[in-house]
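Visitor: I'm new to reading protein structures. Please take me through one, feature by feature.

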Amino acid sequence: MIFDILTLFPEMFRSPLEESILGKAREEGKITINLFNIRDYAEGKHRVTDDYPYGGGKGMIMKPEPIMRGIEAILAGKPVARVILMTPQGDPLRQEVVRRLARHARLVIICGRYEGVDERVRAVVDEEISIGDYVLTGGELAALVVVDAVARMIPGVLGDEGASEDDSFSQGLLEYPQYTRPREFAGRTVPEVLLSGDHQAIEQWRREEALRRTWKRRPDLISRAGLSDEDQRILDKLKGSSGTD
Ligand code: ADE
């Protein structure tokens, strides 16, 4: 999968994309990340990329021409790509969006800066994505979040097992609690059922804990999760007995 990233600050991407799983995925050719500097597509001696907003107001706006020229150059004669603009005004990034994006062979990601981009840039954008209801200084960190979340869905990137069905959000719920050795730590023990070797009991415990955790922490997810009758029964029981988490 190819990620083409259009940014004023390509250096912000280097280290996060060289380390760990993403670094290895790049080395192995499972993902390709190309960084393009918007300034390279700006004209004039000073290669200006921003300007004052028409109508007045605070801050600077990214000019349309450098971004449009950059997009044109990136798209020219290459396989089709989905063009994404990172902006707090976009669709919230969720696991289902991540899964959908991972099906594309190529994503072109535009990182906005300053107070935003000239509205006319949106003419070439297929999709706008926000990573949350807060404002960052620019789209770069948000683009890194998209690349990371999408890359781990690509077969082979996470090793043989791939992304887990049990991951938080993969079935619309938060993940169940996880433990490793030691069996007792700081006076707290691992739940007995996990040591029992009874796979069915373990599965049931995990489902119950996932439901409990989601209901307590993110009740908004429960309504969208598409629960089975059995899940609903467990949930009703949990609601009846107010446990702690
Ligand atoms: N740029 C600035 N804030 C952002 C956000 N929350 N999501 C995506 N891009 C952004």
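Visitor: Let's start with one residue: at its relative accessibility, what does Leu 136 count as?

Guide: The general idea is a three-way split: buried is under 20% relative accessible area, exposed is over 50%, and partly exposed is in between (1.4 Å probe, protein chains only). Leu 136 has 32% relative accessibility, so it counts as partly exposed. You'll find Leu 136 in the loop between E7 and helix H5 (140–151). Those labels come from DSSP runs, numbered from the N terminus: helices are H or I with at least four residues, strands are E with at least two.

Before we go on, this is a predicted model, where local features need pLDDT of at least 70, side-chain atom pairs count only at pLDDT 80 or more, and totals for chains, interfaces and linings use all residues. Residues are numbered from 1 along each chain as its sequence is written, and side-chain values use heavy atoms, leaving out hydrogens and water.

Visitor: Now the strands. In what order do the five strands of the open sheet come?

Guide: Strands of a sheet pair through backbone hydrogen bonds, either parallel or antiparallel. Here the order is E2-E1-E6-E5-E7, and the pairing is parallel. Two strands count as paired if DSSP finds at least two bridges between them. The edges are strand E2 (32–37) and strand E7 (127–130), and each of these pairs on one side only.

Visitor: Over how many bridges do E1 and E6 pair?

Guide: Strand E1 (residues 2–7) and strand E6 (residues 106–111) pair over five bridges, in the parallel sense. Try tracing them: Phe 3 has Leu 107 of E6 as its bridge partner, and Ile 5 stands opposite Ile 109 in E6. Then look for helix H1 (residues 11–18), which packs on the sheet and touches E1, E2 and E6. Contact here means heavy atoms within 4.5 Å.

Visitor: And which strand pairs with E6 besides that one? I mean the pairing that includes residues 82–92.

Guide: That's strand E5, which pairs with E6 in the parallel sense over five bridges. One spot to check is Leu 85, which stands opposite Ile 110 in E6.

Visitor: Why is E6 described as largely enclosed by the rest of the structure?

Guide: Because six of the six residues of E6 are buried. Turn the model and you'll see that both faces are covered: Arg 106, Val 108 and Ile 110 are buried on one side, and Leu 107, Ile 109 and Cys 111 on the other.

Visitor: How do I read a salt bridge, and how many are there?

Guide: Side chains of opposite charge can pair when their charged atoms come close. The rule used is a side-chain nitrogen of Lys or Arg within 4 Å of a carboxyl oxygen of Asp or Glu. By this rule there are 18 salt bridges. Take Glu 11 and Arg 14, whose side chains meet at 3.1 Å, N to O. Both sit in helix H1, three residues apart, which is about one turn of the helix. Glu 11 is exposed at 58% relative accessibility, while Arg 14 is partly exposed at 36%.

Visitor: Which parts does the pair of Glu 127 and Arg 82 tie together?

Guide: In this salt bridge the closest N and O atoms are 2.7 Å apart. Glu 127 lies in strand E7 and Arg 82 in strand E5, so the pair ties together parts that are 45 residues apart in sequence. Glu 127 is buried, with a relative accessible area of 7%, and Arg 82 is partly exposed at 23%.

Visitor: What about backbone oddities: where is there a cis peptide bond?

Guide: Look at the bond from Arg 181 to Pro 182, which is cis with omega near 5°. Pro 182 is in the loop between H5 and strand E8 (184–185). Another thing to spot is positive phi in a residue other than glycine: Ser 20 has phi near 50°, and Arg 47 has phi near 45°. Ser 20 belongs to helix H2 (residues 20–27) and is exposed, at 59%. Arg 47, in the loop between E2 and strand E3 (50–51), is partly exposed at 36%.

Conventions. Axes fitted to C-alpha atoms, helices over the stretch in contact; angles between N-to-C directions.
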